[in-house]
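Here are some comments on the model, set out as numbered points. They take up the two chains in turn.

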Amino acid sequence: MPRKIRVLVAKPGLDGHDRGAKVVANALKDAGMEVIYTGLHQTPEMIAESAVQEDVDVVGLSILSGAHMTMFPRVMQLLREKGAEHIIVFGGGIVPVEDVKKLEDSGVSKIFGPGTDTRDIVKYINSVFSE
Amino acid sequence: MRSGYDISALLERFYAGQVAAAARLITILENGGDDAEKVLDGIFSRTDDAYRVGLTGPPGAGKSSLLYQITKRFRKKGRKIGIIAIDPTSPFSGGALLGDRIRMQSLSEDPDVFVRSLASRGSLGGISNCTDEVTDLLDAFGKDLILIETVGVGQSELEISEKAHTVVVVLVPESGDGIQAMKAGLMEIGDIFVMNKSDHKDAEMAAAEIANSLRLKDIPEGNWNPRVILTSARENTGIDELVDVIEEHRSYLEENGLIAAKRREILFSRVRNALMDRIEKRLGRSEMVREIMKNRMDDVYNGILTPYALVHELEKTVKIK
């Protein structure tokens, strides 16, 4: 039996808008994935530790607050420190184009902007694991 | 996807206390098969110390929130805690939304607490088929208290009673009146009944109903009398009492030599479940069964054969080995 894709969806920092994260979590569930939703106001430390304990394949971060250039690198760094650099990190939210480039260059696998079709996110994750 | 695990290397890292190794071993247990058996064979001799508490009850009763509160209390007593939180798998998509961590956020900062969310993956008993195995793993990882939170259950998802030393049934005032409480099932497996959301105006009445219906049961002298406790996970009341009563139940089991009996019961149900699982899989895969069913179903449909006659025929033909 192929193992199920496990995804952690989290909202780091102080931003309280979780509609997008919930929509994505639900779409991934409907696509047959096991989604651990940890809710609002997570520190990077909480996110990284949860991701390790849950042995997820993917972490999805939703950031609408503008703190993406702090949060993403910190989560990536903590995952590396915990020996979990194999985990793929993607993100969504309001991220300016020039920052998207910087984040994707620094190892974030993909940033999905506003208006993204959830099917594209599902397709993207499935494609990463079908290789 | 990932495969070809080096299990002995993982076990080595596991025994060195690495969280990532424990987490990966749980994934292997969840996926079952030969690798899972190898892991279990590797850890089995180190299991049976941890005390196992199950929390069950209807969806939305506050199981996760209570779990969070009692975990904090047990941490103050210095216990190392493993938490298994189970949520349902969708029978339609096969996916799952595991949301129990939302209620336990700050626990992920405590190195002596390990939380793992499991999807039920088709099991109908309110737990996951690998609950026993994951419990063993956390036990071997050095946790001395394992808290298992079931899927939000109705009246028939009772498998937790085969897994836990102490079963806590969490109810809320809306869970139903005294007649609901007299029904078979959930009300028969609780060692402790918690009426959560005790700030609700009907809570005391509801708790009294539960206590009344428990009193109708004929409990032999000297046996454990199920207890009813009012709690509010939100307002953090009644939690100390709940923790005390869990400890009291544990002492009762210990003083009466029932821990060993429970261990036997847990192991017995495991062997039985694993065997049934094998038989089911084997039958499901059997070409012969499929062939006979295909050929003979018409006879059943046309009234030549009864369903049971066909089953007898299958039983005679199929050897389970």
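1. Accessible areas here come from the Shrake-Rupley method with a 1.4 Å probe. On that basis chain A exposes about 5,700 Å², of which carbon and sulfur atoms supply 56%. The model is a predicted one, and the values below should be read accordingly.

2. Buried residues account for 54% of the 131 residues in chain A, where buried stands for under 20% relative accessible area. Among the contacts of chain A with a separation of 6 or more, 72% join residues 24 or more positions apart.

3. As to overall dimensions, the C-alpha atoms of chain A fit a box of roughly 40 × 35 × 25 Å along the principal axes. The radius of gyration of chain A is 13 Å, which agrees with the value near 14 Å for a compact globule of 131 residues.

4. Chain A contains 5 helices and 5 strands, and along the sequence these follow the pattern β-α-β-α-β-α-β-α-β-α.

5. In chain B, 7 strands with parallel pairing form an open sheet in the order E4-E2-E5-E1-E6-E7-E8. Its edges are strand E4 (113-119) and strand E8 (227-230) of chain B, each of which pairs on one side only, and the twist from one strand to the next averages 20 degrees.

6. At the E4 end of this sheet, strand E2 (residues 81-87) of chain B pairs with E4(B) in the parallel sense over 7 bridges, and B:Ile83 has B:Val115 in E4(B) as its bridge partner. Helix H5 (residues 131-140) of chain B lies across strand E1 (51-56), E2, E4 and strand E5 (145-149) of chain B, and runs at about 160 degrees to E2(B).

Note on methods: Residues numbered from 1 in each chain as written. Chains lettered and ligands numbered in written order. Predicted model: local features only at pLDDT ≥ 70, side-chain atom pairs only at ≥ 80, totals over all residues. Heavy atoms only, no water. Pairing = 2+ DSSP bridges. Helix = DSSP H or I, 4+ residues; strand = E, 2+ residues; numbered from the N terminus. Axes fitted to C-alpha atoms, helices over the stretch in contact; angles between N-to-C directions. Contact = heavy atoms within 4.5 Å. Rg over C-alpha atoms; globule rule 2.2 N^0.38 Å. Buried < 20%, exposed > 50% of the residue type's maximum accessible area, 1.4 Å probe, protein only.
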